[in-house]
Structure formats: C-alpha cells, structure tokens
Amino acid sequence: MTLRLALAAPLLLLATAAVSPSEERMRAAVAAGTPRDEALLERLVRQNSGTLNLAGVTAVGTMMRDELAPLGFDVRWVDMKETARAGHIVATHKGDGRGRRILLIGHLDTVFEPDSRYTGFRREGTRAYGPGVGDDKGGLVVIVAALRAMQAAGTLKRADIMVVLTGDEERSGKPLSIARRDLIDAGKWADVALEYEGLAQEDGRDFGTVARRGATDWEIVTTGTPGHSGGVFGEALGYGANYELARIVDAFRRELPEANLTYNVGVMAGGTPAAFDADGFRATASGKTNIVAERAVARGDLRGPTPEQVARVHAKMEAIVAQHLPRTGATITFNDGYPPMAPTAGNRALLADLNAVNRDLNLPEMPEYDPAKRGAADSSFVAADADTMGGMGAAGGGAHADGEWLDLASIPRQALRSALLISRLSVQKRTRADR
C-alpha cells in the first residue's frame with residue numbers, strides 16, 4: 001500500500017459513520033486532498049521561519065495568504081515592526097451572520113532560527129520530520145485542509161470565520177499589549193475559538209485541551225552590604241545578596257506548592273557586581289571568595305491554570321521576598337506573560353460538541369487533557385472572551401528539539417474533525433448578540 005493510500009485508509013473507514021450528505025462530502029474532500037496537504041506541509045517546513053527571521057516569517061505568511069484567499073477570505077498582513085517582529089496574518093470570511101462566530105488560531109513562526117542545525121524535511125513511513133513540522137506548521141495545514149473540505153461541501157459560504165496566525169508565538173514581541181492586540185480583538189469578536197497547536201495524545205489516545213496554564217516571567221534583584229568575608233553574618237555586613245537570594249528561592253520551593261502549579265528558577269548570578277544583559281537572557285557576575293556579595297539576580301517563570309491561582313501565588317511570592325535577612329534588600333517584578341486558559345463550562349461544552357463529531361465519525365471520544373501537561377499558547381489571550389479549545393492541530397512529538405516529527409495520518413483525521421465541528425458550530429444560534 002502506498003503512503004497516500006495508507007493515510008487515506010482511516011478516512012475510508014469512516015464512510016459508514018452517522019454523518020449528513022454534506023459531511024460525507026467533507027470526508028471525501030479531506031481524503032482527496034491528502035497529497036496537496038502533504039505538499040503544503042513540506043513547503044512550509046522547508047521555509048525557515050524562526051521568530052527572529054522576519055523575512056522567513058513573512059514568507060510563510062505569504063504562503064498562507066495564497067491558501068486562504070482562494071477560499072473567500074479577506075486576508076491582511078498586520079506589520080509588527082514596532083515590536084521587533086515580522087507580523088501576523090488576519091483573515092476574515094463573512095458568512096450569513098446568523099451562526100456563531102468562529103476564530104481559528106495558529107502561528108507562523110518556529111523556535112528554529114536560520115542558524116539551527118536542524119533543517120530540511122524528510123518522510124519516514126507515516127512520519128514527517130523537520131523544524132516546526134508539528135509546532136505549528138502541521139496545525140496550519142489542518143486549518144487549510146478543514147476549510148477546503150468545508151468549501152467542497154458548501155458549508156463554508158454561510159460561516160463567519162476569522163483566522164489569526166501570529167508571527168511571534170515562540171518569542172513574543174514587546175509590549176504584549178501591541179503584539180497581541182489583533183488576537184485579543186479577534187477574541188472579543190468571536191463566540192468560539194479553536195487553537196491549532198499539536199494534538200495531545202497519551203498511549204495512542206487523543207485528548208481534548210480545555211485548559212492551559214498561563215506563563216508569567218519574574219525577576220528578583222537582591223542587595224547586600226559588600227565588605228570582607230570575615231564580617232559576614234555580623235552586625236555591620238549581615239548576610240549579603242547571595243544568601244538573600246538563596247533564602248528566597250528556597251522559600252519558593254518549600255512554601256508555594258499547589259496542584260497544577262510550577263515555578264522555575266531559570267538563571268541566577270551573584271557577586272560584586274551582578275546583572276542581566278539588556279535582553280534578560282544572560283547574567284554576568286564577578287567577585288572574590290573573600291568579598292560579601294553586593295548584588296544577586298534571578299529570573300524564572302510561574303505557570304498556573306487559573307487567574308485566581310496565579311494572583312494568589314504572586315502575592316505569596318511578594319510576601320516571601322519582603323522578609324529580608326539582616327542588612328539585605330530584595331525586589332521582585334512580574335513581566336507581561338501569557339494568561340491562563342481556565343477550564344470553563346463553555347470550553348467543556350466545546351469538547352462535548354467535538355465528542356459528538358467523534359461519535360458520528362466512529363472515532364473514540366476524547367477526554368480532557370491534564371492542563372499541567374500543556375504549555376502556554378496564544379489561545380490564552382482570547383479565553384476570557386470566547387469559549388476556547390486548544391490542541392486541534394496534528395499529532396507529533398519532539399517539539400522544540402532536533403528530531404521534531406509529525407504523524408502524517410493525523411492531518412486528515414484532525415482536518416475532518418475540524419471541518420465537521422466548525423460547520424456545526426457555524427449554524428448554531430448566537431447567544432452573545434451584543435458583539
């Protein structure tokens with residue numbers, strides 16, 4: 001059996017499922033489109049689009065424009081030079097205005113910059129390998145394949161859909177108020193948001209993502225009184241900046257644990273002096289063993305699934321920092337980050353709709369995935385305004401590392417799921433007519 005026939009076979013098995021004639025046409029369109037989808041995936045992956053490769057991200061945006069415009073989308077490029085990033089694609093399809101408004105979210109960039117050693121594209125059996133093949137170029141292909149299937153079945157014409165593909169998901173431009181402005185506006189327009197990061201799987205079973213933890217960076221600066229180490233712990237010098245920083249991070253370890261919460265210390269340095277560079281990614285320090293440290297710095301992140309939990313832990317961290325050792329000082333600052341995507345009733349209702357599609361396609365139902373196992377994503381920026389579900393992209397593994405791969409057979413399965421789900425949502429009566 002050829003690779004293409006092997007990929008189509010799972011869809012052929014769905015022919016006996018309980019779907020309408022138009023949905024049956026979607027199934028046929030997805031199966032027929034497999035060679036085209038694979039070719040698009042290869043083109044996208046071969047074009048490097050590391051976040052800081054502005055020309056490469058723009059090129060992938062042009063490829064996606066060429067896919068979406070023929071489907072009747074009004075596609076515009078939102079320049080993001082003011083955040084030192086390339087830009088975003090915002091594509092709008094105007095339907096009949098009666099059904100629920102649907103937002104589809106993906107991203108054009110990858111973590112692999114042009115100097116990465118992981119390059120190219122290759123197939124091995126039913127797997128494809130290449131930089132960003134799953135995160136998120138497979139998701140982009142699923143979006144296109146689903147929309148083409150809807151067009152073939154005649155369900156796209158009545159659907160109100162917006163597609164937002166960010167160009168800096170892996171390394172967001174600053175400030176986030178500008179970098180995510182258009183996505184946030186799209187979330188306020190939408191009733192439903194579907195995010196096309198990779199499909200969650202465990203032991204061969206597909207899972208639905210109704211919650212994601214947010215991610216907030218923090219930075220600590222501690223200060224001490226420098227002097228000869230013979231006076232450390234004494235009344236004149238106290239404990240120094242390094243002991244103060246050690247006190248704080250160890251208190252975090254002991255006092256902050258909660259379910260689904262993590263707080264990582266990513267980098268730290270201390271001495272006389274110590275500082276981060278302008279980008280905040282590298283720390284330098286100097287000093288001698290016989291000098292009490294004058295300054296110490298640390299950066300890390302905090303991840304939690306609900307805004308309430310994150311706010312509570314912020315307050316606990318601030319209280320810990322404020323309990324200074326003698327003759328020391330300390331401050332903590334929290335930077336712009338990704339908000340949590342909480343597991344709301346609306347999100348769970350979306351998963352129920354998707355599981356109705358699964359039943360009709362004779363596919364196993366998808367349970368909720370543990371939010372502690374999912375990273376932050378752009379869907380978090382719209383979750384406060386629209387019912388949101390993540391992980392609608394293709395399945396794979398090894399994201400952000402050499403050897404990243406994608407399960408080619410998951411593309412048609414995910415495209416068909418999306419085509420049916422979006423088509424059904426698009427004819428559901430809007431309950432939020434104020435927007």
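Q: What makes the lining of the largest pocket in this predicted model a mix of nonpolar, polar and charged residues?
A: Its residues divide into 10 nonpolar, 12 polar and 12 charged. Asp, Glu, Lys and Arg count as charged, so Arg 171, Lys 174 and Asp 217, which are among the residues nearest the pocket centre, belong to that class. Phe 281, also nearest the centre, counts as nonpolar, and Ser 172 as polar.

Q: How do you know which residues and elements line the largest pocket?
A: A lining residue has an atom within 4 Å of a pocket point, and 34 residues line this pocket. Strand E10 (214-223), strand E11 (262-271) and strand E14 (295-304) are the elements that give two or more residues to the lining. The volume of this pocket is about 1000 Å³.

Q: What makes up the lining of the second largest pocket, by class and by element?
A: By class there are 8 nonpolar, 7 polar and 8 charged residues. Helix H5 (133-153), strand E8 (200-202) and strand E17 (396-397) each supply at least two of the lining residues. This pocket has a volume of about 500 Å³. Among its 23 lining residues, Asp 135, Glu 197, Gly 198, Arg 374 and Ala 399 are closest to the centre.

Q: Why is the set of residues around Leu 41, Leu 104, Leu 147, Ile 161 and Leu 194 called a nonpolar core?
A: The term asks for buried residues of the listed nonpolar kinds, joined through side-chain atoms within 4.5 Å. The largest such set here has 64 residues, and the five just named have the most contacts inside it. Helix H5 gives the most to this core, with 12 residues. In general, nonpolar side chains of soluble globular proteins tend to be buried together.

Q: What does Leu 194 touch, leaving out residues up to four places away in sequence?
A: Its contacts include Leu 103, Leu 104, Ile 105, Leu 350, Met 389, Met 392, Leu 421 and Ile 422.

Q: Which residues belong to the other core, apart from the largest one?
A: That core has 21 residues, among them Val 249, Phe 252, Leu 261 and Ala 298.

Q: Why is strand E2 described as largely enclosed by the rest of the structure?
A: Buried means under 20% relative accessible area. In E2 (residues 87-93), 6 of the 7 residues are buried, so the strand is largely enclosed.

Q: How do you know that E2 pairs with strands E1 and E6?
A: Pairing needs at least two bridges. E1 (residues 74-79) and E2 have 6 bridges, and E2 and E6 (residues 161-166) have 5, so both count as paired, each in the antiparallel sense. Val 75 stands opposite Ala 91 in E2, while Val 90 has Val 164 in E6 as its bridge partner.

Methods. Residues numbered from 1 in each chain as written. Predicted model: local features only at pLDDT ≥ 70, side-chain atom pairs only at ≥ 80, totals over all residues. Heavy atoms only, no water. 1 Å grid on protein atoms, 1.4 Å probe; cavity = no way out; pocket = protein on both sides within 12 Å on 5 of 7 lines; lining within 4 Å. Points joined across faces, edges and corners; volume = space filled by probe spheres on them. Helix = DSSP H or I, 4+ residues; strand = E, 2+ residues; numbered from the N terminus. Buried < 20%, exposed > 50% of the residue type's maximum accessible area, 1.4 Å probe, protein only. Contact = heavy atoms within 4.5 Å.
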